[in-house]
Amino acid sequence: MDREWSVEESIGLAAEPAAVYRAVSTVRRTSEWSPECRAVWAPRGPLRTGDRFVGFNRRGLRVWFTTCRVTTAEPGREFVFRVESFGLPIAEWGYRAEPDGAGGTTLTEYWRDLRTGRGAPVAELLGKVFTGVPAERRAAANRAGMRLTLERIRRALTV
């Protein structure tokens, strides 16, 4: 099986891009819709470029945390953060909010695997130990998680 290094999923939302952006950039809300994230330690409200936060995650009986730094925060457009574990680069996650032309938004969630270079074997081992998902299956697991996340965001923003 060839390893996928990036995944992207999109969904249509009946909300304006600014509202969608506010939701995804208020990372404390992530546990409302993510199947893995259980809590986030972060400043209140939408985060800005350079802000840091910690995600507390769970998959089955496995529990782990990650440290994150916001790399792009363009209100109403794009929110991106990089994930590390024990100082090793793990992934980049992002959301793009694009007007759909009918008053709503197409929200795209994307992930890029950053476990490359000299630290990759250690980062891959940590990923497998903490999450139970080997590197070659992480993209598929993330794709399934993104679909659930996006659907939960849609429900949260249409209530």
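## Close-up views of a predicted model

**View 1. Glu-9 and Arg-147 meet side chain to side chain in a salt bridge, 3.3 Å from N to O.** This pair ties together distant parts of the chain: Glu-9 belongs to strand E1 and Arg-147 to helix H4, 138 residues apart. The structure is a predicted model. Glu-9 counts as buried because its relative accessibility is 14%. Arg-147 has 48% relative accessibility, so it counts as partly exposed.

**View 2. A salt bridge joins Glu-8 to Arg-96.** The closest N and O atoms lie 3.1 Å apart. Here too, distant parts of the chain are linked: Glu-8 sits in strand E1 (residues 6–13) and Arg-96 in strand E6, with their positions 88 residues apart. Glu-8 is partly exposed, at 45% relative accessibility. Arg-96 is also partly exposed, with a relative accessible area of 23%.

**View 3. Glu-32 and Arg-29 form a salt bridge through their side chains.** The N to O distance is 2.9 Å. Glu-32 has a relative accessible area of 46%, so it ranks as partly exposed. Arg-29, at 26% relative accessibility, is likewise partly exposed. Elsewhere, Arg-3, Asp-113, Arg-115 and Glu-124 are joined into one network by salt bridges that share partners. The structure holds 15 salt bridges.

**View 4. Helix H4 spans residues 135–157.** The helix has 23 residues. From first C-alpha to last it reaches 32 Å, close to the 33 Å expected at 1.5 Å a residue. Which residues of H4 are buried? They are Ala-135, Arg-138, Ala-139, Ala-141, Asn-142, Gly-145, Met-146, Thr-149, Leu-150 and Ile-153. An α-helix has 3.6 residues a turn, so residues three or four places apart point the same way. Among the buried positions are Ala-135, Arg-138, Asn-142, Gly-145, Thr-149 and Ile-153. Arg-147, the partner of Glu-9 in a salt bridge, is partly exposed at 48% relative accessibility.

**View 5. Leu-125 of helix H3 and Ala-135 of helix H4 are 8.4 Å apart in space, C-alpha to C-alpha.** In sequence they are ten residues apart. Helix H3 covers residues 120–131. Is Leu-125 buried or exposed? Leu-125 counts as exposed because its relative accessibility is 54%. Ala-135, by contrast, is buried.

**View 6. Phe-53, Phe-79 and Leu-107 have the most contacts inside the largest nonpolar core.** This core has 35 residues. Its largest share, six residues, comes from strand E6 (residues 88–99). Strand E6 also carries Arg-96, which pairs with Glu-8 in a salt bridge.

**View 7. Phe-79 has contacts with residues from several stretches of sequence.** Neighbours within four places in sequence are left aside here. The partners that remain include Tyr-21, Val-24, Ser-25 and Val-27. Leu-47, Val-70, Thr-72 and Ala-73 are also in contact with Phe-79. So are Trp-93, Gly-94 and Tyr-95.

**View 8. Trp-41, Phe-56, Phe-65 and Phe-86 make up a nonpolar patch on the surface.** Together they have about 500 Å² of accessible area. Where does Trp-41 lie? Trp-41 is part of strand E2, residues 37–41. Its relative accessibility is 61%, so Trp-41 counts as exposed.

Terms used. Residues numbered from 1 in each chain as written. Predicted model: local features only at pLDDT ≥ 70, side-chain atom pairs only at ≥ 80, totals over all residues. Heavy atoms only, no water. Patch = residues over 30% accessible without salt bridge, like charges linked within 9 Å, V, L, I, M, F, W, Y side chains within 5 Å. Areas by Shrake-Rupley, 256 points an atom, 1.4 Å probe, with all protein chains shown as cover. Salt bridge = Lys/Arg side-chain N within 4 Å of Asp/Glu carboxyl O. Helix = DSSP H or I, 4+ residues; strand = E, 2+ residues; numbered from the N terminus. Buried < 20%, exposed > 50% of the residue type's maximum accessible area, 1.4 Å probe, protein only. Core = buried A, V, L, I, M, F, W, Y, C linked by side-chain atoms within 4.5 Å. Contact = heavy atoms within 4.5 Å. Expected span 1.5 Å × (residues − 1).
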